[in-house]
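Biologist: Could you take me through one part of this structure slowly, as you would for someone in a first year of study? I would like to see how that part sits among its surroundings.

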Amino acid sequence: MNVTVRLAQQPEADELLGRSALAALVGMLLDQQVPMEWAFTGPLTIAQRLGHDDLDAHEIATYNPEEFVALLSAKPAVHRYPAAMAKRVQQLCQFLVAQYDGEAAALWKNVRTGKELLSRLNALPGFGKQKSQIFLALLGKQYGVRPEGWQEAAGVYGEEGAHRSVADITGPESLTLVREFKQEVKRAAKEAKAAAKPRTTTRTTTAQAPAHSPAHTPAHAHAPTGAR
């Protein structure tokens with residue numbers, strides 16, 4: 001695995017992503033609730049803090065959990081939620097060790113169809129359908145992993161010429177287009193939610209006391225008759 005990518009927009013981080021299947025997987029895992037460049041710079045930061053030039057699934061899987069949280073939490077933090085993401089990265093590596101002997105690239109080696117690869121990605125801890133489809137599209141568009149039917153399995157993220165996700169980022173310009181697309185999707189979703197929200201009207205009524213309520217009885221009505 002040796003390709004040129006520009007996902008992190010940082011040469012050293014992108015170089016690692018281009019040669020390390022595990023780094024690419026971890027970057028994809030981190031890609032939520034933070035800017036994409038921040039997420040895909042994460043693998044390099046983790047590797048450097050571990051004292052290596054790459055990530056090792058076996059090492060991370062068996063790392064002391066509290067120490068691994070501290071490693072991701074050190075300034076600058078690897079993620080906005082470093083503790084939660086430290087747990088997810090370890091779970092991912094533990095799964096890879098158990099199922100693929102720690103080799104991330106084994107996920108797609110000799111895979112026959114895009115549907116099969118999508119199923120394997122869906123089984124990864126922290127990878128839902130959308131994240132799996134985006135990573136499948138990334139593999140097809142930029143890493144040359146193209147089993148039969150990969151574009152169909154990737155859904156809209158597999159479309160050529162689109163700017164929907166990290167799979168379409170090849171430089172600063174495409175990053176801007178992807179970011180604009182995401183902002184437009186959020187804006188449209190917000191407007192749709194506001195339009196679907198039922199309107200409520202408040203009716204104000206003034207309670208009136210009965211006509212013969214004591215509060216409305218004239219004072220002279222109770223005046224004693226024949227008073228001396």
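Modeller: Happily; what follows is a close look at helix α6, and then a walk outward to the parts around it.

Please keep in mind from the start that this is a predicted model. Let us begin with the whole chain. It has 228 residues, of which 40% are buried. Its secondary structure comes to ten helices and zero strands, so the pattern along the sequence reads α-α-α-α-α-α-α-α-α-α. Among contacts between residues at least 6 apart in sequence, 56% join residues at least 24 apart.

Now to α6 itself. This helix covers residues 82-100, which makes 19 residues. At 1.5 Å a residue it should span 27 Å, and its end C-alpha atoms are 26 Å apart, which agrees.

Which residues of α6 are buried? They are P82, M85, A86, V89, Q90, L92, C93, L96 and Y100. Seen down the helix axis, these buried residues fall within an arc of 155 degrees, so they line one face of α6. A general rule helps you to picture this: an α-helix has 3.6 residues a turn, so residues three or four places apart point the same way. Turn to the face of α6 that points away from the buried side, and you will find the exposed residues K87, A98 and Q99.

What do the buried residues of α6 pack against? Their partners are α2 (21-30), α4 (57-61), α5 (65-73) and α7 (114-122). 

Next, look at what comes before and after this helix. In the loop between α5 and α6 sits P76, and the peptide bond that leads from K75 to P76 is cis, with omega near -10 degrees. On the other side, α6 is followed by D101, whose phi is positive, near 55 degrees.

Two of the packing partners, α2 and α4, lead us to a pocket. Each of them supplies at least two residues of the lining of the second largest pocket. This pocket has a volume of about 210 Å³. It is lined by 13 residues, and L22, L55, G102, E103 and A104 are the closest to its centre. By class, the lining divides into six nonpolar, three polar and four charged residues.

Another packing partner, α7, has a buried side of its own. Its buried residues are G114, L117, L118 and L121. Seen down the axis of α7, they fall within an arc of 100 degrees, so they too line one face of their helix. What covers them includes α8 and α9.

The loop between α8 and α9 holds a residue that ties in here, V145. Is V145 buried or exposed? With a relative accessible area of 13%, V145 is buried, because the cut-off for that is under 20%. Leaving aside neighbours within four places in sequence, V145 is in contact with W108, L117, L139 and G140. Notice L117 in that list: it is also one of the buried residues of α7. V145 and G114 make a good pair to find in the structure, since they are 31 residues apart in sequence and 9.5 Å apart in space, C-alpha to C-alpha.

From α8 we can step to the largest pocket. The space in it comes to about 680 Å³. The elements that give two or more residues to its lining are α8 (129-142) and α10 (172-196). Of these, α10 gives the most, with six residues. The lining has 22 residues, and D31, Q33, M36, K182 and K186 lie nearest the centre of the pocket. By class, there are ten nonpolar, six polar and six charged residues in this lining.

One of those central residues, Q33, is worth a second look. Q33 lies in the loop between α2 and α3, and it has a positive phi of about 65 degrees although it is not a glycine.

Finally, try the length check again on α10. Its 25 residues should span 36 Å at 1.5 Å a residue, and the end C-alpha atoms are 36 Å apart, which agrees. The buried residues of α10 are S174, L175 and V178, and they pack against α3 (36-49).

To come back to where we began, the picture of α6 is a helix with its buried residues along one face, packed against α2, α4, α5 and α7.

Methods. Residues are numbered from 1 along each chain as its sequence is written. This is a predicted model: local features need pLDDT of at least 70, side-chain atom pairs count only at pLDDT 80 or more; totals for chains, interfaces and linings use all residues. Side-chain values use heavy atoms; hydrogens and water are left out. Helices (H or I, at least four residues) and strands (E, at least two) are DSSP runs, numbered from the N terminus. The expected span of a helix is 1.5 Å times one less than its number of residues. Buried means under 20% relative accessible area, exposed over 50%, partly exposed in between (1.4 Å probe, protein chains only). The arc is that of the directions from the helix axis to the C-beta atoms. Contact means heavy atoms within 4.5 Å. On a 1 Å grid over the protein atoms alone, a cavity is a set of points where a 1.4 Å probe fits but cannot get out, and a pocket is an open set with protein on both sides within 12 Å along at least five of seven lines; lining residues have an atom within 4 Å of a point. Grid points are joined across faces, edges and corners, and a volume is the space filled by probe spheres set on the points. Ala, Val, Leu, Ile, Met, Phe, Trp, Tyr, Cys and Pro count as nonpolar, Asp, Glu, Lys and Arg as charged, and the others, Gly among them, as polar.
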